Number of protein chains: 2
Amino acid sequence: MKVCIIGSTGHYEYVLKDIKYDPETRIVGVCPGSTGEDVHLLYEIIKNDYPSLKIYDNYIEMLDELQPDICVVCCYFGDHAKVAAEVLKRKINLFIEKPIATDLEDLYMLHELYSKSGVSLAAMFGIRYTPWFLTAWNAVKSGKVGEIRLMNAQKSYKLGKRGVHFKNRKTYGGTIPWVGSHAIDWLYWFGAKRFVSVYSSHSKFYNMGNGDLELTALCHFVMEDEVFGSVSMDYLRPNTAKSHDDDRIRVVGTEGIIEVRECEVYLMNNETCGYVELDLCDGNKGIFWDFLKQVKNEGKCLISAEDSFYVTEASIKARISADEKRVVYFD
Amino acid sequence: MKVCIIGSTGHYEYVLKDIKYDPETRIVGVCPGSTGEDVHLLYEIIKNDYPSLKIYDNYIEMLDELQPDICVVCCYFGDHAKVAAEVLKRKINLFIEKPIATDLEDLYMLHELYSKSGVSLAAMFGIRYTPWFLTAWNAVKSGKVGEIRLMNAQKSYKLGKRGVHFKNRKTYGGTIPWVGSHAIDWLYWFGAKRFVSVYSSHSKFYNMGNGDLELTALCHFVMEDEVFGSVSMDYLRPNTAKSHDDDRIRVVGTEGIIEVRECEVYLMNNETCGYVELDLCDGNKGIFWDFLKQVKNEGKCLISAEDSFYVTEASIKARISADEKRVVYFD
């Protein structure tokens, strides 16, 4: 299979990591997806592995010339939807950075194109595949905490030096869709319930000259059956911390509590007598491997197209709530 | 000084623990504060230490007869305000279980009585005095995390077997005022900013036959200067856990992050290179000792009367938000 990559801003590493396991699949073209984006570094990284690789400056030309089986879209976030639309119109399988759109109109437009396309689509909610999140989810699915009633999720990032596209709402889309969507995905994935409403807040204060970038944000989700979920986001992780991010979730159920913290999983229920650390499952192959399997009709990707659309919708609605300081409801 | 105790439902242990350090202060009377409350167990516990101790069944009679210098109120939560009003009218110093009232009308009535009384008043936000919370607060006050931008607080309790007053909103007041008010106090104490608004949710589902008791709750506070704070509450801590409660706070500032977790304190800022555990300060003497000092004009209690009223107001407003599913604003 032939893969094209549009943009090198997002997590194309998911692709580079997993494509190695599939000798039948190769990258054939790379191209910027946004004005000002430079994909030469990506081209340099992979050109030796793919001698026939071509670099383009117009992605429509690339898609029409190379006719790939899969297109990876990871340009400036505000351009995801526009680029994805061209991919879906051509009925090409789409592996796309989250959020797949940064406003609801674009999202609904994309969903309509997707519905008519017959292709596979997955957004890069790749954190689901980390051994710690997958281990926790497997434990929850096997009933270790009973019925989920409450979840607290956390995303904490180092600010570091951010590209220009982070500083403008139009290209960035907001911290809730960019950073928070991962954690909103966890709520939906673990909770396995629809969202009822969201109330959010975000702040640009102290963002060190990063324009529109919200340095902190907090979301309060109500899900079906009175399940509640908080999502805390910040770019205030000290630069000297060992890792870039500090991803956490705490899932509180009727029979126990499970937590993901510092890449470890802790479970407590009536059988454990306090927290016990769980053995982590294997995490060699990730999201793009899973997506490839689906494209080849060999399985279903853990992140469905409907998950990708729904979590993006929830993320955009959460940002709207913060912008407009009001509760936003789901249909 | 003479101390009377009305009710034995709340945390009178704060009094029994600290009063030992002050040989000049003694308990002279105990009496129920609520219909159906039985204070005989408390009487039995302390009668040997206070040979002249009397037990009453009418607290007004007790107050008028014994004329104490300090009255401790810890009856059914819905009766706190009614009982406290009688104490304040008699210009007796008041050490009272939180929440000091369970509706705003009672709270404002009490505040007016307090303003005219000239006495000392403190609500039992005694968790401030634990070595872990006090150590974290001292670190924050000394600038270790810079300007606070975001806080995540947690209260998680075992449900256990609850008295009948927990099962009725009228006597209980709600999980947000009873359990959450501690964490709301932490937000206010650490953040040192006024509240702007609150949005909350709570649920009685799966409460094991405990009537009106909300098993889970979540609050989203916006404070001045776009500081945000979440408060997560649950009664779902497994019965086999080592301790009754799992109190936590995470305080995210412009220069670092501090966390209280499992009675320990972790700080990370640009100087620490990852989390370091802080040495805990001394925690021998607690809230009632501090209150006694204030009554004797020897110092100021860490929990002021204004703190007690304001945090109770915030707790009641948070519960109103959850009851009415709307954002509630502060003046």
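**Exercise 1. The loop after β5 in chain B**

Find where P99(B) lies in this predicted model, and state which form the peptide bond from K98(B) to P99(B) takes.

*Solution.* Begin with the location: P99(B) belongs to the loop that runs between β5 (93-96) and α5 (104-117) of chain B. Next, look at the bond that leads into this proline: the peptide bond from K98(B) to P99(B) is cis, and its omega is near -10 degrees. Then turn to chain A, where a cis peptide bond likewise joins K98(A) and P99(A), with omega about -10 degrees, and where P99(A) lies in the loop between β5 and α5 (104-117). As background, most peptide bonds are trans.

**Exercise 2. Strand order in the open sheet**

Determine in what order the six strands of the open sheet in chain A are arranged, and which strands lie at its edges.

*Solution.* Reading across the sheet gives the order β3-β2-β1-β4-β5-β6, with parallel pairing. The edges are then found by asking which strands pair on one side only, and these are β3 (54-55) and β6 (121-123) of chain A. For a closer look at one pair, take β4 (residues 70-73) and β5 (residues 93-96) of chain A, which are joined in the parallel sense over four bridges; within this pair, I70(A) stands opposite N93(A).

**Exercise 3. The two sides of helix α3**

Work out which residues of helix α3 (residues 59-66) of chain A are buried, and which exposed residues the face turned away from them carries.

*Solution.* First list the buried residues of α3(A), which are Y59(A), M62(A) and L63(A). These cover an arc of only 95 degrees around the axis, and therefore they sit on the same side of α3(A). The general geometry is helpful here: an α-helix has 3.6 residues a turn, so residues three or four places apart point the same way. The opposite face carries the exposed residues E61(A) and D64(A). As for the cover over the buried residues, it includes β1 (2-6), β2 (26-31), β4 and α4 (80-89) of chain A. Finally, just after the helix, Q67(A) takes a positive phi of about 40 degrees.

In chain B, the corresponding exercise concerns a single residue: E65(B) is placed in helix α3 (residues 59-66), and it counts as partly exposed because it has 14 C-beta neighbours inside 10 Å. E65(B) and G29(B) are 36 residues apart in sequence, while their C-alpha atoms are 9.8 Å apart in space.

**Exercise 4. The nonpolar core**

State how many residues the largest nonpolar core has, and which of them have the most contacts inside it.

*Solution.* The largest nonpolar core has 223 residues, and those with the most contacts inside it are V72(A), V73(A), V72(B) and V73(B). Taking V72(B) as the example, and leaving aside residues up to four places away in sequence, one finds that it touches V3(B), I5(B), I6(B), Y12(B), V15(B) and F95(B).

**Exercise 5. A covered strand and its partners**

Establish how many residues of β7 (residues 148-156) of chain B are buried, and in which sense this strand pairs with β11 and with β10.

*Solution.* Nine of the nine residues of β7(B) are buried, so that the strand is mostly covered. With β11 (residues 248-253) of chain B, the pairing of β7(B) is antiparallel over six bridges, and M151(B) stands opposite V251(B). With β10 (residues 227-234) of chain B, β7(B) pairs in the parallel sense over seven bridges, where S232(B) is the bridge partner of Q154(B).

**Exercise 6. How the two chains are related**

Identify which rotation superposes chain A on chain B, and describe the residues through which the chains touch.

*Solution.* A rotation of 180 degrees, with 0.0 Å of shift along its axis, superposes chain A on chain B with an RMSD of 0.0 Å. That is the relation of a two-fold axis. In chain A, the C-alpha nearest the axis belongs to H220(A), at 3.3 Å from it.

The contact itself takes 37 residues from chain A and 37 residues from chain B. Several strands of chain A each supply at least two residues of its side, among them β7 (148-156), β9 (216-223) and β13 (264-269). By type, the residues on the side of chain A that touches chain B divide into 16 nonpolar, 15 polar and six charged.

Notes. Residues are numbered from 1 along each chain as its sequence is written. Chains are lettered from A and ligands numbered from 1 in the order in which they are written. This is a predicted model: local features need pLDDT of at least 70, side-chain atom pairs count only at pLDDT 80 or more; totals for chains, interfaces and linings use all residues. Two strands pair if DSSP finds at least two bridges between them. Copies are superposed by least squares on the C-alpha atoms of residues with pLDDT of at least 70 in both. A residue is buried if 20 or more other C-beta atoms lie within 10 Å of its own, exposed if 12 or fewer, and partly exposed in between; C-beta atoms are placed from the backbone. A nonpolar core is a set of buried Ala, Val, Leu, Ile, Met, Phe, Trp, Tyr and Cys residues joined through C-beta atoms within 7 Å. Two residues are in contact if their C-beta atoms, placed from the backbone, lie within 7 Å. Ala, Val, Leu, Ile, Met, Phe, Trp, Tyr, Cys and Pro count as nonpolar, Asp, Glu, Lys and Arg as charged, and the others, Gly among them, as polar. The arc is that of the directions from the helix axis to the C-beta atoms.
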